[in-house]
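Student: Please take a close look at one part of this model, the enclosed space inside the protein. What surrounds it?

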Amino acid sequence: MSEIEKRIRQWIRPEVQAINAYHVPLSEGLIKLDAMENPYTWPETMRDEWAALIRETDVNRYPDPQAATLTQALREAMQIPGDAGVLLGNGSDEIIQMLALALGGEQRVILSVEPSFVMYRMIAEFSGLRYVGVPLDADDFSLQPEVLLAEIAQHQPAVVYLAYPNNPTGNLFDIDVIEKVIAVAPGLVVIDEAYSPFTYASFMQRVGDYDNLVVMRTVSKMGLAGLRLGLLAGPAEWIEQIDKTRLPYNINRLTQVSASFALKHKQLFDEQTNRLRVERESLLAELASIPAVKVFPSEANFILIRLEQGDASETFDAIRAQGVLIKNLSNSHPLLANCLRVTVGTQEENAAFLTAFRRVYQP
């Protein structure tokens with residue numbers, strides 16, 4: 001072992017040494033259907049207006065630390081209750097990290113269901129918190145009420161995360177079970193609505209009905225992934241405390257200006273996401289027609305499938321060789337054995353994926 005390896009082993013926290021970094025695969029030259037992005041770009045007239053706005057934006061001064069203009073635009077666009085507090089983050093990931101810092105402590109627990117968004121576990125672990133993952137039903141990825149409530153009672157988590165719809169499974173959890181979780185949870189319950197543009201279900205209007213409920217959103221899936229902007233809405237008392245862990249000026253000036261501008265054109269993004277909903281239903285039907293493929297219902301902009309024959313990793317590689325990048329989940333969790341996830345793209349992108357998939361998957 002080299003001297004630098006010895007020093008790293010001595011000083012880098014064991015929790016950090018034990019985990020793998022979040023991997024983002026190279027996608028240059030491929031049809032990119034792996035990251036749940038909106039595939040549509042902006043019309044030229046909108047680009048020109050945005051470019052003129054950026055040209056007038058000075059970056060020699062720090063941005064507004066409270067991002068007041070942007071926060072108000074988000075309140076209106078996402079119909080956040082007027083008495084709710086709002087906290088902005090550099091994507092949802094930073095908000096999850098702020099929650100770990102604010103509610104963390106020796107022997108405190110972060111709890112979520114599995115499989116779900118991997119950053120709940122990763123951020124808990126590298127923040128020195130205990131993470132408890134409660135398995136979903138193996139058949140349909142629904143919540144298991146008795147198991148989930150028992151785990152909450154046993155571990156008394158500081159935070160419970162429930163993605164709604166869930167990633168990577170795409171389903172909506174039973175609202176009655178979620179209400180029971182909120183009622184019995186000793187700490188904070190975070191409903192992660194990253195995929196809200198693709199479903200009518202939401203807890204946003206119920207913020208304030210419970211003293212331990214907050215809702216997390218992002219603008220990434222609606223078509224602004226490159227801006228890295230997320231928000232947390234909830235009782236003002238909670239937001240005030242969590243805000244203390246936010247780094248100064250965490251939302252840069254260009255993001256503030258660009259996101260505020262984009263939200264003035266929300267109708268465009270609504271039209272795009274509605275188009276993706278239509279494409280989702282078409283893609284679901286096409287996949288369901290392929291033999292030996294189990295297709296899971298989705299309320300998000302992606303579809304999870306399980307190959308009932310063959311090997312998912314080999315199929316993933318073969319589809320990639322055809323020029324299409326999707327997500328191989330087969331080794332990410334035992335319940336996702338032989339599973340692949342495809343983002344809903346444009347009609348042309350979806351057709352290219354289906355052509356590649358049918359060509360390489362011959363059960």
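Tutor: The count comes to one cavity of 30 Å³ or more, in what is a predicted model. The volume of the largest cavity is about 30 Å³. Its lining is made up of Ile96, Ala100, Ile110, Tyr120, Ile123, Ala124 and Tyr161. Two elements, α5 (91–103) and α6 (118–126), give two or more residues each to that lining. The largest share, three residues, comes from α6. By residue class, the lining of the largest cavity divides into seven nonpolar, no polar and no charged residues. Rolling a probe the size of a water molecule over the atoms is what shows where such empty space is left.

Two further parts can be set beside the cavity. One is an open sheet of four strands, in the order β9-β10-β13-β12, with antiparallel pairing. β9 (293–295) and β12 (327–328) stand at the edges of this sheet; each has a single partner strand, so one side of each is left without a neighbour in the sheet. For β9, three bridges join the strand to β10 (residues 302–307), and the two run antiparallel. Val295 has Ile305 in β10 as its bridge partner.

The other part is a single residue, Ser220, placed in helix α9 (residues 220–224). Ser220 counts as buried because its relative accessibility is 6%, under the 20% cut-off. Leaving aside neighbours within four places in sequence, Ser220 is in contact with Ala225 and Arg228.

Terms used:
Residues numbered from 1 in each chain as written. Predicted model: local features only at pLDDT ≥ 70, side-chain atom pairs only at ≥ 80, totals over all residues. Heavy atoms only, no water. Buried < 20%, exposed > 50% of the residue type's maximum accessible area, 1.4 Å probe, protein only. Contact = heavy atoms within 4.5 Å. Pairing = 2+ DSSP bridges. 1 Å grid on protein atoms, 1.4 Å probe; cavity = no way out; pocket = protein on both sides within 12 Å on 5 of 7 lines; lining within 4 Å. Points joined across faces, edges and corners; volume = space filled by probe spheres on them. Nonpolar A, V, L, I, M, F, W, Y, C, P; charged D, E, K, R; others polar.
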